[in-house]
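Trainee: I would like to take a close look at a single part of this protein, and I would be glad of one connected explanation.

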Amino acid sequence: MTTINALIPAKIGHLPPLWQISVRFPAHFTLFPSAVKLLSMNQPVTHQTLSSTTVQTPDLKTSIGKLEMANPVMTASGTCGYADEYADFAPLSKLGAFVTKSISRQPRKGNESYRVVETRAGMLNAIGLANIGLERFVTEKVPRLAAMNIPVIVNVPGWSVEDYVDVASYLDEHLPVVRGIELNVSCPNVKNGLSFGTDPIRLGELVAAVRKRVHRTVLIVKLSPNVSDIALTAKAAIDAGADALSLVNTFTAMAIDIETQKPVLANETGGLSGPAIKPIAVFMVNRVFRQVASRHHIPIIAMGGIQTWQDAAEFILAGASAVAVGTALFVNPAVHVDICDGLSGYMARKGITRLADLVGRCGIPATPN
Ligand SMILES: Cc1cc2nc3c(=O)[nH]c(=O)nc-3n(C[C@H](O)[C@H](O)[C@H](O)COP(=O)(O)O)c2cc1C
(Lines give C-alpha, C1' and ligand atoms only; values in the text may rest on other atoms or scores of the structure.)
Protein backbone atom coordinates (compact mmCIF):
# COMPACT_ATOMS: atom_id res chain seq x y z
CA MET A 1 0.00 0.00 0.00
CA THR A 2 1.30 3.46 -0.74
CA THR A 3 0.08 7.01 -0.36
CA ILE A 4 -0.75 9.41 -3.12
CA ASN A 5 2.42 11.35 -2.37
CA ALA A 6 4.54 8.52 -3.71
CA LEU A 7 2.71 8.72 -6.99
CA ILE A 8 3.05 12.34 -7.90
CA PRO A 9 6.04 14.51 -8.75
CA ALA A 10 8.29 15.34 -5.79
CA LYS A 11 7.40 19.01 -6.05
CA ILE A 12 3.76 18.19 -5.38
CA GLY A 13 4.66 15.96 -2.45
CA HIS A 14 3.65 18.66 0.00
CA LEU A 15 0.05 18.91 -1.01
CA PRO A 16 -2.46 19.79 1.70
CA PRO A 17 -3.61 17.29 4.31
CA LEU A 18 -6.69 16.38 2.27
CA TRP A 19 -4.45 14.62 -0.20
CA GLN A 20 -2.01 13.21 2.34
CA ILE A 21 -4.46 11.25 4.39
CA SER A 22 -7.11 8.69 3.87
CA VAL A 23 -5.96 7.66 0.41
CA ARG A 24 -5.69 4.02 -0.43
CA PHE A 25 -3.90 2.74 -3.51
CA PRO A 26 -2.36 -0.67 -4.21
CA ALA A 27 1.46 -0.28 -4.34
CA HIS A 28 1.73 -1.20 -8.02
CA PHE A 29 -0.68 1.50 -9.14
CA THR A 30 0.20 4.79 -10.70
CA LEU A 31 -2.51 7.35 -10.52
CA PHE A 32 -4.46 6.93 -13.74
CA PRO A 33 -1.69 5.52 -15.91
CA SER A 34 -3.91 6.03 -18.91
CA ALA A 35 -4.40 9.63 -17.86
CA VAL A 36 -0.68 10.21 -17.65
CA LYS A 37 -0.29 8.74 -21.12
CA LEU A 38 -3.10 10.83 -22.50
CA LEU A 39 -1.75 13.99 -20.95
CA SER A 40 1.69 13.38 -22.34
CA MET A 41 0.08 13.00 -25.79
CA ASN A 42 -1.76 16.24 -25.26
CA GLN A 43 0.23 18.38 -27.66
CA PRO A 44 -1.60 21.59 -28.41
CA VAL A 45 -2.42 22.06 -32.07
CA THR A 46 -0.47 25.15 -33.04
CA HIS A 47 -1.61 27.77 -35.44
CA GLN A 48 1.27 26.78 -37.73
CA THR A 49 -0.62 23.61 -38.64
CA LEU A 50 -2.86 25.79 -40.80
CA SER A 51 -1.95 26.08 -44.43
CA SER A 52 -2.45 29.29 -46.36
CA THR A 53 -5.60 30.67 -44.69
CA THR A 54 -5.06 33.48 -42.20
CA VAL A 55 -7.13 32.95 -39.11
CA GLN A 56 -7.72 35.53 -36.40
CA THR A 57 -6.39 34.44 -33.00
CA PRO A 58 -9.25 32.51 -31.38
CA ASP A 59 -10.95 34.27 -28.50
CA LEU A 60 -11.46 31.96 -25.53
CA LYS A 61 -13.57 34.49 -23.59
CA THR A 62 -16.85 33.16 -22.27
CA SER A 63 -19.50 34.17 -19.79
CA ILE A 64 -21.64 32.50 -17.19
CA GLY A 65 -24.54 34.93 -16.84
CA LYS A 66 -23.05 38.27 -15.87
CA LEU A 67 -19.75 36.63 -14.92
CA GLU A 68 -17.20 37.16 -17.67
CA MET A 69 -14.17 34.89 -17.90
CA ALA A 70 -10.97 35.16 -19.95
CA ASN A 71 -11.19 31.45 -20.80
CA PRO A 72 -13.65 28.60 -20.12
CA VAL A 73 -11.56 26.45 -17.76
CA MET A 74 -12.21 26.42 -14.02
CA THR A 75 -11.46 24.14 -11.09
CA ALA A 76 -14.07 21.62 -9.93
CA SER A 77 -15.08 22.14 -6.32
CA GLY A 78 -13.22 20.11 -3.72
CA THR A 79 -10.26 19.20 -5.90
CA CYS A 80 -8.16 22.35 -5.51
CA GLY A 81 -8.85 23.41 -1.91
CA TYR A 82 -9.06 27.17 -1.44
CA ALA A 83 -6.24 27.97 -3.92
CA ASP A 84 -3.38 28.58 -1.46
CA GLU A 85 -2.68 24.82 -1.27
CA TYR A 86 -1.98 24.65 -5.03
CA ALA A 87 -0.58 28.10 -5.68
CA ASP A 88 3.07 26.96 -5.70
CA PHE A 89 2.41 24.19 -8.22
CA ALA A 90 0.25 25.78 -10.88
CA PRO A 91 -0.37 29.21 -12.44
CA LEU A 92 -3.86 29.52 -11.01
CA SER A 93 -4.31 33.05 -12.30
CA LYS A 94 -4.51 31.50 -15.80
CA LEU A 95 -7.79 29.82 -14.87
CA GLY A 96 -11.01 31.26 -16.22
CA ALA A 97 -12.38 31.07 -12.65
CA PHE A 98 -11.55 29.38 -9.37
CA VAL A 99 -14.22 27.28 -7.66
CA THR A 100 -13.59 26.65 -3.97
CA LYS A 101 -14.13 23.54 -1.96
CA SER A 102 -17.56 23.44 -0.28
CA ILE A 103 -17.85 25.93 2.61
CA SER A 104 -20.46 25.33 5.26
CA ARG A 105 -21.55 27.63 8.07
CA GLN A 106 -19.77 25.52 10.69
CA PRO A 107 -16.45 23.69 10.22
CA ARG A 108 -16.74 19.96 9.47
CA LYS A 109 -14.33 17.18 10.23
CA GLY A 110 -15.64 14.96 7.45
CA ASN A 111 -15.68 11.18 7.28
CA GLU A 112 -13.28 8.70 8.79
CA SER A 113 -10.48 7.17 6.71
CA TYR A 114 -10.30 5.69 4.06
CA ARG A 115 -11.91 8.60 2.31
CA VAL A 116 -10.46 8.20 -1.18
CA VAL A 117 -9.72 5.12 -3.28
CA GLU A 118 -8.51 4.75 -6.83
CA THR A 119 -10.65 2.68 -9.19
CA ARG A 120 -9.68 1.42 -12.63
CA ALA A 121 -10.54 4.58 -14.49
CA GLY A 122 -11.52 6.93 -11.75
CA MET A 123 -11.48 7.99 -8.15
CA LEU A 124 -13.99 7.19 -5.46
CA ASN A 125 -14.25 9.71 -2.63
CA ALA A 126 -16.25 10.10 0.52
CA ILE A 127 -14.57 13.12 2.10
CA GLY A 128 -17.79 14.06 3.88
CA LEU A 129 -17.53 17.75 3.01
CA ALA A 130 -14.67 18.35 5.48
CA ASN A 131 -14.05 22.09 5.51
CA ILE A 132 -12.86 24.95 7.70
CA GLY A 133 -16.23 26.71 7.99
CA LEU A 134 -17.34 30.17 6.88
CA GLU A 135 -15.57 32.22 9.58
CA ARG A 136 -12.08 30.84 8.95
CA PHE A 137 -12.71 30.94 5.20
CA VAL A 138 -13.30 34.68 5.42
CA THR A 139 -10.23 35.47 7.52
CA GLU A 140 -7.73 32.91 6.21
CA LYS A 141 -8.63 32.17 2.60
CA VAL A 142 -10.36 35.19 1.09
CA PRO A 143 -7.23 37.43 0.94
CA ARG A 144 -5.36 34.81 -1.09
CA LEU A 145 -8.34 34.26 -3.39
CA ALA A 146 -8.66 38.00 -3.95
CA ALA A 147 -4.97 38.27 -4.90
CA MET A 148 -5.43 35.88 -7.83
CA ASN A 149 -7.41 38.48 -9.78
CA ILE A 150 -9.68 35.93 -11.44
CA PRO A 151 -13.37 35.35 -10.73
CA VAL A 152 -14.00 33.30 -7.59
CA ILE A 153 -17.00 31.01 -7.21
CA VAL A 154 -17.76 29.57 -3.77
CA ASN A 155 -19.37 26.14 -3.51
CA VAL A 156 -22.05 26.00 -0.81
CA PRO A 157 -23.35 22.76 0.71
CA GLY A 158 -26.25 22.39 3.14
CA TRP A 159 -28.34 19.98 5.10
CA SER A 160 -31.41 22.24 5.32
CA VAL A 161 -32.73 25.19 3.29
CA GLU A 162 -31.54 27.55 6.05
CA ASP A 163 -27.95 26.24 5.79
CA TYR A 164 -27.80 27.20 2.12
CA VAL A 165 -29.59 30.54 2.54
CA ASP A 166 -27.38 31.64 5.46
CA VAL A 167 -24.06 30.99 3.76
CA ALA A 168 -25.13 32.12 0.27
CA SER A 169 -26.65 35.39 1.52
CA TYR A 170 -23.55 36.14 3.62
CA LEU A 171 -21.26 35.61 0.62
CA ASP A 172 -23.50 37.69 -1.63
CA GLU A 173 -23.76 40.63 0.79
CA HIS A 174 -20.33 40.73 2.42
CA LEU A 175 -17.63 39.34 0.14
CA PRO A 176 -17.13 41.35 -3.07
CA VAL A 177 -14.40 38.93 -4.20
CA VAL A 178 -17.05 36.24 -4.58
CA ARG A 179 -18.59 36.52 -8.05
CA GLY A 180 -20.56 33.31 -8.12
CA ILE A 181 -22.25 30.89 -5.73
CA GLU A 182 -22.47 27.23 -6.68
CA LEU A 183 -25.05 25.28 -4.69
CA ASN A 184 -23.91 21.73 -4.01
CA VAL A 185 -27.32 20.10 -3.84
CA SER A 186 -25.98 16.55 -3.51
CA CYS A 187 -25.81 16.67 0.31
CA PRO A 188 -28.26 14.54 2.31
CA ASN A 189 -31.13 16.54 3.75
CA VAL A 190 -31.42 16.19 7.57
CA LYS A 191 -35.18 15.72 7.35
CA ASN A 192 -35.23 12.57 5.21
CA GLY A 193 -31.65 11.71 4.25
CA LEU A 194 -32.39 12.31 0.55
CA SER A 195 -30.40 14.92 -1.32
CA PHE A 196 -32.18 18.04 -2.57
CA GLY A 197 -30.64 17.37 -5.96
CA THR A 198 -32.59 14.19 -6.63
CA ASP A 199 -36.09 15.62 -6.09
CA PRO A 200 -37.24 18.35 -8.52
CA ILE A 201 -39.86 19.73 -6.10
CA ARG A 202 -37.54 20.08 -3.12
CA LEU A 203 -34.78 21.35 -5.38
CA GLY A 204 -37.09 24.04 -6.74
CA GLU A 205 -38.03 25.14 -3.20
CA LEU A 206 -34.38 25.32 -2.19
CA VAL A 207 -33.27 27.31 -5.24
CA ALA A 208 -36.22 29.72 -4.90
CA ALA A 209 -35.34 30.37 -1.23
CA VAL A 210 -31.69 31.09 -2.07
CA ARG A 211 -32.66 33.17 -5.12
CA LYS A 212 -34.62 35.57 -2.90
CA ARG A 213 -31.43 36.39 -0.98
CA VAL A 214 -28.80 36.32 -3.72
CA HIS A 215 -28.73 39.41 -5.97
CA ARG A 216 -25.17 40.43 -6.78
CA THR A 217 -23.51 37.10 -7.51
CA VAL A 218 -24.27 34.56 -10.22
CA LEU A 219 -26.36 31.72 -8.81
CA ILE A 220 -25.21 28.35 -10.12
CA VAL A 221 -26.92 25.07 -9.25
CA LYS A 222 -24.66 22.01 -9.37
CA LEU A 223 -26.78 19.07 -10.47
CA SER A 224 -26.51 15.54 -9.15
CA PRO A 225 -26.19 12.82 -11.80
CA ASN A 226 -27.86 10.29 -9.48
CA VAL A 227 -31.31 10.74 -11.02
CA SER A 228 -33.29 9.03 -13.74
CA ASP A 229 -33.65 12.17 -15.89
CA ILE A 230 -31.33 15.08 -15.19
CA ALA A 231 -33.40 17.35 -17.47
CA LEU A 232 -36.14 17.34 -14.80
CA THR A 233 -33.92 18.65 -12.01
CA ALA A 234 -32.29 21.07 -14.47
CA LYS A 235 -35.72 22.47 -15.32
CA ALA A 236 -36.68 22.76 -11.66
CA ALA A 237 -33.52 24.74 -10.92
CA ILE A 238 -34.05 27.05 -13.90
CA ASP A 239 -37.72 27.64 -13.11
CA ALA A 240 -36.76 28.55 -9.55
CA GLY A 241 -34.33 31.22 -10.72
CA ALA A 242 -30.88 29.65 -11.27
CA ASP A 243 -28.62 31.81 -13.45
CA ALA A 244 -26.51 28.82 -14.54
CA LEU A 245 -26.18 25.08 -14.09
CA SER A 246 -23.09 23.03 -13.40
CA LEU A 247 -23.00 19.30 -14.04
CA VAL A 248 -22.13 16.70 -13.06
CA ASN A 249 -21.32 15.99 -9.45
CA THR A 250 -19.99 12.50 -8.66
CA PHE A 251 -21.90 9.24 -9.20
CA THR A 252 -22.73 7.21 -6.10
CA ALA A 253 -20.52 4.11 -6.17
CA MET A 254 -18.78 1.52 -4.02
CA ALA A 255 -15.56 -0.54 -3.87
CA ILE A 256 -15.14 -3.73 -1.82
CA ASP A 257 -11.86 -5.14 -0.48
CA ILE A 258 -12.08 -8.84 -1.29
CA GLU A 259 -9.61 -9.80 1.46
CA THR A 260 -11.44 -8.13 4.33
CA GLN A 261 -14.74 -8.56 2.49
CA LYS A 262 -15.70 -5.07 3.59
CA PRO A 263 -16.28 -1.78 1.73
CA VAL A 264 -12.98 0.04 1.22
CA LEU A 265 -14.35 3.45 2.16
CA ALA A 266 -15.16 4.01 5.83
CA ASN A 267 -18.37 5.63 4.64
CA GLU A 268 -19.06 2.47 2.58
CA THR A 269 -20.24 4.42 -0.46
CA GLY A 270 -18.65 7.38 -2.19
CA GLY A 271 -18.74 9.48 -5.32
CA LEU A 272 -17.08 8.31 -8.53
CA SER A 273 -15.20 10.87 -10.65
CA GLY A 274 -12.54 10.87 -13.36
CA PRO A 275 -12.39 9.38 -16.88
CA ALA A 276 -14.81 6.56 -15.98
CA ILE A 277 -17.72 9.00 -15.89
CA LYS A 278 -16.89 11.21 -18.87
CA PRO A 279 -19.15 9.75 -21.57
CA ILE A 280 -22.12 9.72 -19.20
CA ALA A 281 -21.40 13.31 -18.20
CA VAL A 282 -21.19 14.35 -21.88
CA PHE A 283 -24.59 12.75 -22.46
CA MET A 284 -26.10 14.52 -19.46
CA VAL A 285 -24.71 17.92 -20.48
CA ASN A 286 -26.08 17.47 -23.99
CA ARG A 287 -29.47 16.35 -22.68
CA VAL A 288 -29.77 19.35 -20.35
CA PHE A 289 -28.62 21.68 -23.14
CA ARG A 290 -31.13 20.31 -25.67
CA GLN A 291 -34.08 19.87 -23.36
CA VAL A 292 -33.98 23.01 -21.22
CA ALA A 293 -30.87 25.17 -20.95
CA SER A 294 -30.57 26.41 -24.55
CA ARG A 295 -34.16 27.54 -24.84
CA HIS A 296 -33.92 29.45 -21.53
CA HIS A 297 -30.45 30.84 -22.42
CA ILE A 298 -29.01 29.33 -19.26
CA PRO A 299 -25.27 28.61 -19.50
CA ILE A 300 -23.83 25.24 -18.47
CA ILE A 301 -20.55 24.58 -16.69
CA ALA A 302 -19.59 21.00 -17.54
CA MET A 303 -17.41 18.58 -15.61
CA GLY A 304 -16.80 14.88 -15.29
CA GLY A 305 -13.54 13.23 -16.28
CA ILE A 306 -12.00 16.08 -18.25
CA GLN A 307 -8.26 15.47 -18.69
CA THR A 308 -7.37 16.97 -22.06
CA TRP A 309 -8.41 19.79 -24.39
CA GLN A 310 -10.17 17.19 -26.53
CA ASP A 311 -12.35 16.27 -23.54
CA ALA A 312 -13.10 19.95 -22.93
CA ALA A 313 -13.97 20.45 -26.62
CA GLU A 314 -16.40 17.52 -26.45
CA PHE A 315 -18.27 19.10 -23.54
CA ILE A 316 -18.38 22.49 -25.24
CA LEU A 317 -19.77 20.93 -28.42
CA ALA A 318 -22.33 19.15 -26.22
CA GLY A 319 -23.54 22.52 -24.91
CA ALA A 320 -21.20 23.79 -22.18
CA SER A 321 -20.12 27.43 -22.04
CA ALA A 322 -17.37 26.57 -19.53
CA VAL A 323 -15.72 23.44 -18.17
CA ALA A 324 -14.29 22.44 -14.80
CA VAL A 325 -11.43 20.07 -14.09
CA GLY A 326 -11.31 18.02 -10.91
CA THR A 327 -9.71 14.59 -10.67
CA ALA A 328 -7.18 15.39 -13.44
CA LEU A 329 -5.61 17.98 -11.12
CA PHE A 330 -4.23 15.06 -9.09
CA VAL A 331 -2.14 14.16 -12.13
CA ASN A 332 -1.34 17.63 -13.44
CA PRO A 333 -2.25 20.69 -11.35
CA ALA A 334 -1.50 22.93 -14.36
CA VAL A 335 -3.70 21.00 -16.79
CA HIS A 336 -5.86 24.09 -17.41
CA VAL A 337 -2.98 25.73 -19.29
CA ASP A 338 -2.70 22.75 -21.69
CA ILE A 339 -6.46 22.72 -22.15
CA CYS A 340 -6.58 26.42 -23.09
CA ASP A 341 -3.64 26.06 -25.51
CA GLY A 342 -5.23 23.01 -27.09
CA LEU A 343 -8.65 24.64 -27.44
CA SER A 344 -7.12 27.69 -29.00
CA GLY A 345 -5.24 25.58 -31.58
CA TYR A 346 -8.35 23.55 -32.30
CA MET A 347 -10.44 26.66 -32.90
CA ALA A 348 -7.80 28.09 -35.22
CA ARG A 349 -7.69 24.81 -37.15
CA LYS A 350 -11.48 24.85 -37.51
CA GLY A 351 -11.58 28.55 -38.43
CA ILE A 352 -13.63 29.47 -35.36
CA THR A 353 -12.82 32.79 -33.74
CA ARG A 354 -15.25 32.89 -30.83
CA LEU A 355 -15.70 30.14 -28.24
CA ALA A 356 -19.43 30.92 -28.18
CA ASP A 357 -19.64 29.64 -31.76
CA LEU A 358 -18.58 26.18 -30.60
CA VAL A 359 -21.08 25.91 -27.75
CA GLY A 360 -23.67 23.23 -28.45
CA ARG A 361 -22.58 22.73 -32.06
CA CYS A 362 -23.22 19.03 -31.90
CA GLY A 363 -26.72 19.28 -30.48
CA ILE A 364 -29.57 20.93 -32.27
CA PRO A 365 -31.78 22.39 -29.56
CA ALA A 366 -35.16 20.71 -29.33
CA THR A 367 -38.10 22.78 -30.59
CA PRO A 368 -39.66 24.73 -27.67
CA ASN A 369 -42.98 23.31 -26.48
C1 LIG B 1 -11.71 14.51 -3.82
C2 LIG B 1 -12.95 15.18 -4.34
C3 LIG B 1 -13.62 16.10 -3.54
C4 LIG B 1 -14.78 16.72 -4.01
N5 LIG B 1 -15.41 17.64 -3.21
C6 LIG B 1 -16.50 18.31 -3.69
C7 LIG B 1 -17.11 19.33 -2.90
O8 LIG B 1 -16.66 19.68 -1.80
N9 LIG B 1 -18.23 19.93 -3.41
C10 LIG B 1 -18.74 19.62 -4.65
O11 LIG B 1 -19.75 20.20 -5.08
N12 LIG B 1 -18.15 18.67 -5.42
C13 LIG B 1 -17.05 18.02 -4.97
N14 LIG B 1 -16.43 17.07 -5.77
C15 LIG B 1 -16.98 16.78 -7.13
C16 LIG B 1 -16.20 17.55 -8.22
O17 LIG B 1 -16.31 18.95 -8.05
C18 LIG B 1 -16.69 17.17 -9.64
O19 LIG B 1 -18.05 17.49 -9.76
C20 LIG B 1 -16.53 15.69 -9.94
O21 LIG B 1 -15.35 15.18 -9.35
C22 LIG B 1 -16.48 15.40 -11.45
O23 LIG B 1 -15.37 16.01 -12.07
P24 LIG B 1 -13.96 15.26 -12.32
O25 LIG B 1 -14.27 13.93 -12.92
O26 LIG B 1 -13.19 16.17 -13.21
O27 LIG B 1 -13.31 15.12 -10.98
C28 LIG B 1 -15.27 16.42 -5.31
C29 LIG B 1 -14.58 15.49 -6.12
C30 LIG B 1 -13.43 14.89 -5.65
C31 LIG B 1 -12.70 13.91 -6.55
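In what order do the 8 strands of the open sheet lie, and is the pairing parallel or antiparallel?

Mentor: Before the sheet itself, please note that this is a predicted model, in which local features need pLDDT of at least 70 and side-chain atom pairs count only at pLDDT 80 or more, while totals for chains, interfaces and linings use all residues. Residues are numbered from 1 along each chain as its sequence is written.

The open sheet has the order β4-β17-β16-β11-β10-β9-β8-β5, and its pairing is parallel; two strands pair if DSSP finds at least two bridges between them. Strands here are DSSP runs of E with at least two residues, helices are runs of H or I with at least four, and both are numbered from the N terminus. The edges are β4 (73-75) and β5 (98-99), each of which pairs on one side only. As general background, strands of a sheet pair through backbone hydrogen bonds, either parallel or antiparallel.

Within this sheet, β10 (residues 218-222) and β11 (residues 244-247) run parallel and are joined by 3 bridges. Val 221 has Leu 245 of β11 as its bridge partner, and Lys 222 stands opposite Ser 246 in β11. In a regular strand the side chains alternate between the two faces of the sheet. In β11, Ala 244 and Ser 246 point one way and Leu 245 and Leu 247 the other way, and all are buried, where buried means that 20 or more other C-beta atoms lie within 10 Å of a residue's own, exposed means 12 or fewer, and partly exposed means in between, with C-beta atoms placed from the backbone. The peptide bond from Leu 247 to Val 248 is cis, with omega near 15°, and Val 248 is found in the loop between β11 and β12 (251-254).

Helices pack against strands of this sheet. In α5 (residues 200-213), the buried residues include Leu 203, Leu 206, Val 207 and Val 210, and the buried residues of α5 pack against α4 (161-174), β9 (178-184), β10 and α6 (230-239). The 14 residues of α5 should span 20 Å at 1.5 Å a residue, and the end C-alpha atoms are 20 Å apart, which agrees; the expected span is 1.5 Å times one less than the number of residues.

Towards the β5 edge, the buried residues of α3 are Phe 137, Lys 141, Val 142 and Leu 145, and what covers them includes β5 and β8 (152-156), with a contact meaning that two C-beta atoms, placed from the backbone, lie within 7 Å. Helix α3 bends by about 50° at Lys 141, with Pro 143 following within four residues; the bend is the angle between axes fitted to the seven residues ending at a residue and the seven starting there. In the loop between α3 and β8 lies Asn 149, which has a positive phi of about 60° although it is not a glycine. Asn 149 is exposed because it has 9 other C-beta atoms within 10 Å. For comparison, most residues other than glycine have a negative phi, and most peptide bonds are trans. The loop between β5 and β6 (116-119) holds Tyr 114, and the peptide bond from Ser 113 to Tyr 114 is cis, with omega near -10°.

To place the sheet in its setting, the protein chain has 9 helices and 17 strands, and 51% of its 369 residues count as buried.
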